[in-house]
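This briefing covers salt bridges, helix packing, backbone angles and a few residue environments. Please read it alongside the sequence and the coordinates.

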Amino acid sequence: MSENIAAGVCAGSRSELSKEGMQRTFREHIFYTQGRFPEVATKNDLYMAMAYTVRDQLLDRWIKSIEQMRGDNIRLVSYLSAEFLLGPHLENNLINLGIYDQVLKACEDGGRDVQSIFDQEVEPGLGNGGLGRLAACYLDSLATLEIPAVGYGIRYEFGIFEQQIRDGWQMERTDQWLRLGNPWEMARPEITYPVSIGGRTEPYEDERGRYRVRWIPHRTVKGVAYDTPTLGYRVNTCNLLRLWKAEAVESFEFEAFNVGDYYGAVNEKIFSENITKVLYPNDEPIQGKQLRLEQQYFFVSCSLQDMLRVYKWLDSDLSRFASHYAVQLNDTHPAIGVAELMRLLVDENGMDWETAWEVTRNTFSYTNHTLLPEALEKWPVDLFAELFPRHMEIIYEINRRFLDEVRNRFPGDEERVARMSLIDESGCRYVRMAHLACVGSHAINGVAQLHTRLLEQDVLRDFYEMMPEKFSNKTNGVTPRRFMVLSNPGLSRLITDKIGETWIKEPHELRGLEKFADDRAFREEWRRIKHENKERLAGLIRERIGVDVDPSSIFDIQVKRIHEYKRQHLNVLHIIALYNRIKHNPSLDMHPRTFIFGGKAAPGYFMAKRIIKLINSVADVVNNDRDVAGRLKVVFFPNFNVKNAKYIYPAADLSEQISTAGKEASGTGNMKFSMNGALTIGTLDGANVEIREEVGAENFFLFGLTAEEVSELQGSGYRPMDYYRANPELREAIELIGSGHFSRGDRELFKPLVDSLLYHDTFMLFADFESYLDMQAKVDETYRDREKWTRMSILNTARMGKFSSDRAIREYCRDIWKIEPVPVPMD
């Protein structure tokens, strides 16, 4: 019966890929799904109808893929991430289906403005930046490589805030991405799981006389599944992204309502839904910490319960669970999963501890994404025990057994025991989530060669010395489908014309472009496409910010999360130094340059928000000073996200990757810029090291201290004031900020920033300032030789194949997950 129904659906118009079939399905969705006739359809109606039309094309592949996942001897990747920064779905799915041009033609023939339909899509802001975008790239590559996989995360009702700039300051507005509906997701109200919080535990003996523990929670919420299909490029594999929404088990209390307690009647609903209300609450106050920890446990518990449910369809022997699931922890946010899987196996399924621990360790692998100590999550023991008393007991037991192993391996070294403990006993007691992830996983990886080396030598050194076999490097990557084919269609067409289209799935074939680097006609076409991309971005800047920028100037771009270690303020010091040179010498000869910044500061990060204000204040002065005469323009592009990145990466001439060496784990913006032909000015930090190795040192503008030199300088007593006194340009730039020149005479506005640099300079801007300015002068000199610059640009793109997320996923499959591709056949 079901086969007949499926055959009937397949034979209908909804799965037709012809232009006429797509047009017919589009009209049907306007009428039957949106309840409109074409003459009164709004832009949102048109977008929704087109999205449903495209989604119809995904569902055949999705159902077949899900059926394939349930086969014998198939191991699935479960990618647990608190963030998935997906970006708009529509265009990406059109490209992966191979019908992008076809749909454009159908819209043109029907008199539709397809770009206005694309622009209508609201980006799901389900991540802060690199971590969530990496997760989205990996979902794309998993499907493209035909690896059966499920991404698990949180369906935040309100994503990362929408950034507005008022009087130079960042203002945060609620991200209401669900306001007009989300056509890509499918609610699964029948797939729900209870998630307990708080309460107490009590021991008991089971029917076989074994010691057991029962968790009696204070409250229970319900996790409801929402599914989004994730299609690979030109394949039938369509994997699953399953996000969880928190709801009340009982959303309305009639007893409370009947006695007049109208707020109490819906209180449980409000309390429960708060868990998935917003992406990452401010965790400065204790309430924020509690909510963030509840979010992490909520989605991990739902996801593991879901895996166990599916597994039990296939096999009754839970001791073989790890043979069916490879669960990747994307940073420490899902690390509580180690304790939760132990609880589910031991408490809920009656497994003995030793077997459960073997299953757990063989199931999990852990990706570390940071070198900053403050980003290695730790939770106060009191808070953790209050929310999750049973998990606290399990962690204590894991820790007891683990520390016995440490003592056996390193007898008498109690300092090492204290350092490796899952509980930080110094001062206030904390649960160390990175340690839990390391102990409870069979594999640990960093995300760039330098990052992994620093993990092994410093951050996780004790763990590396005890279990070196667990450690490996998996350098991050990005998907060329979104960040080249979709974002830079002109360049993608040029590349395809020269070397064929297989590079889109095999990016190492971009090397074939090298032979065209000395072809004058090819370089001319390369420059023409870059100029068109710059004109497109210039038009957007004019429209959104009201600033005119010159597309023939150097587009010098730094877009990333605003943080002191990423050193946007070093970039600003260079701008001020150039400004001062012009003021001293109004006839200064330099190639015009447009500095473009973008990125969001965490709402509670005082210094980062002050850096945004400084950028905009410098822009106000520089852009309106007649002496500058168009040689400098400064722009802060608000609300940088995946949707806006489509216009920014292809337009860049120079990519600013200037973090303090040893602080950035990898970075992925550096890869996106270079893939699109931007040259990099950067330190030897994160993936910059490998990018420079690949593109060639002669095609990379290197400056600054190395990670080893940074460490040595910090150890010997870094004195920023020495650099301040020794460098007149640095001193003049700092004094100009402090004088109120960029703040309408207000000397206090930027005083916290100036004082931080003068007396602390934690991220060593002053130490790198002179080297940075010297290399920026070389950028100016090189850009004037257009043929040389274009050749360097071509070679950057040609040599970036390594940094595809496809390569990264192949390495995870080979070294960690032990998974082979499973092609999905279609009728």
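In which crossing, right-handed or left-handed, does H29 pass H31? H29 passes H31 in a right-handed crossing. The model is a predicted one. Its salt bridges number 69, and a selection of them is described below, after the helix pairs.

**Helix packing: H29 and H31**

- Helix H29 spans residues 728–738 and helix H31 spans residues 765–784; their axes come within 10 Å and cross at roughly 115 degrees.
- That angle makes H29 roughly perpendicular to H31.
- On the H29 side the contact is made by Glu729, Leu730 and Ile734, and on the H31 side by Phe766, Phe769 and Leu773.
- By class, the residues of this contact of H29 with H31 comprise five nonpolar, no polar and one charged.

**Helix packing: H3 and H4**

- Helix H3 (residues 43–69) packs against helix H4 (residues 90–97) at an angle of about 40 degrees, and the axes are 10 Å apart.
- H3 and H4 are therefore oblique to each other.
- The crossing of H3 and H4 is left-handed.
- H3 contributes Tyr47, Met50, Ala51, Val54, Gln57, Leu58 and Arg61 to the contact, while H4 contributes Leu90, Asn93, Leu94 and Leu97.
- The residues in the contact of H3 with H4 divide into eight nonpolar, two polar and one charged.

**Salt bridges**

- Glu514 and Arg511 form a salt bridge in which the closest N and O atoms are 2.8 Å apart.
- Glu514 is partly exposed, with a relative accessible area of 25%, and Arg511 is partly exposed as well, at 39%.
- Asp518 and Arg791 meet through their side chains in a salt bridge with an N to O distance of 2.7 Å.
- This pair links distant parts of the chain, 273 residues apart: Asp518 is in the loop between helix H20 (489–499) and helix H21 (520–545), and Arg791 is in helix H32 (residues 786–798).
- Asp518 counts as exposed at 55% relative accessibility, whereas Arg791 counts as partly exposed at 34%.
- Lys534 and Asp653 also meet in a salt bridge, at 2.6 Å from N to O.
- Here too the pair links distant parts of the chain, with Lys534 in helix H21 and Asp653 in the loop between helix H24 (642–648) and strand S20 (654–657), 119 residues apart.
- Both Lys534 and Asp653 are buried.
- Asp413, Arg416, Arg419, Arg461, Asp462 and Glu465 are joined into one network by salt bridges that share partners.

**Positive phi outside glycine**

- Most residues other than glycine have a negative phi.
- Ala629 has a phi near 50 degrees, a positive value in a residue other than glycine.
- Ala629 lies in the loop between helix H23 (606–622) and strand S19 (632–637), and at 57% relative accessibility Ala629 counts as exposed.
- Asp761 is another residue other than glycine with a positive phi, here near 45 degrees.
- Asp761 is in the loop between helix H30 (751–759) and H31.
- Is Asp761 buried or exposed? Asp761 is buried, with a relative accessible area of 1%.

**Environment of Thr230**

- Thr230 is found in strand S8, which covers residues 219–231.
- Thr230 counts as buried because its relative accessible area is 15%, under the 20% cut-off.
- Apart from neighbours within four places in sequence, Thr230 is in contact with Leu139, Asp140, Ala143, Thr237, Cys238, Asn239 and Leu241.

**Environment of Leu383**

- Leu383 has its place in helix H13 (residues 381–387).
- The relative accessible area of Leu383 is 6%, so this residue is buried.
- Which residues does Leu383 touch, not counting those up to four places away in sequence? Leu383 touches Ile286, Lys289, Gln290 and Leu293.
- For one of these partners, Lys289, the separation from Leu383 is 94 residues in sequence and 8.7 Å in space, C-alpha to C-alpha.

Key
Residues numbered from 1 in each chain as written. Predicted model: local features only at pLDDT ≥ 70, side-chain atom pairs only at ≥ 80, totals over all residues. Heavy atoms only, no water. Salt bridge = Lys/Arg side-chain N within 4 Å of Asp/Glu carboxyl O. Buried < 20%, exposed > 50% of the residue type's maximum accessible area, 1.4 Å probe, protein only. Helix = DSSP H or I, 4+ residues; strand = E, 2+ residues; numbered from the N terminus. Axes fitted to C-alpha atoms, helices over the stretch in contact; angles between N-to-C directions. Parallel < 35°, antiparallel > 145°, perpendicular 65-115°, else oblique. Left-handed = near helix turned anticlockwise from the far one by under 90°. Contact = heavy atoms within 4.5 Å. Nonpolar A, V, L, I, M, F, W, Y, C, P; charged D, E, K, R; others polar.
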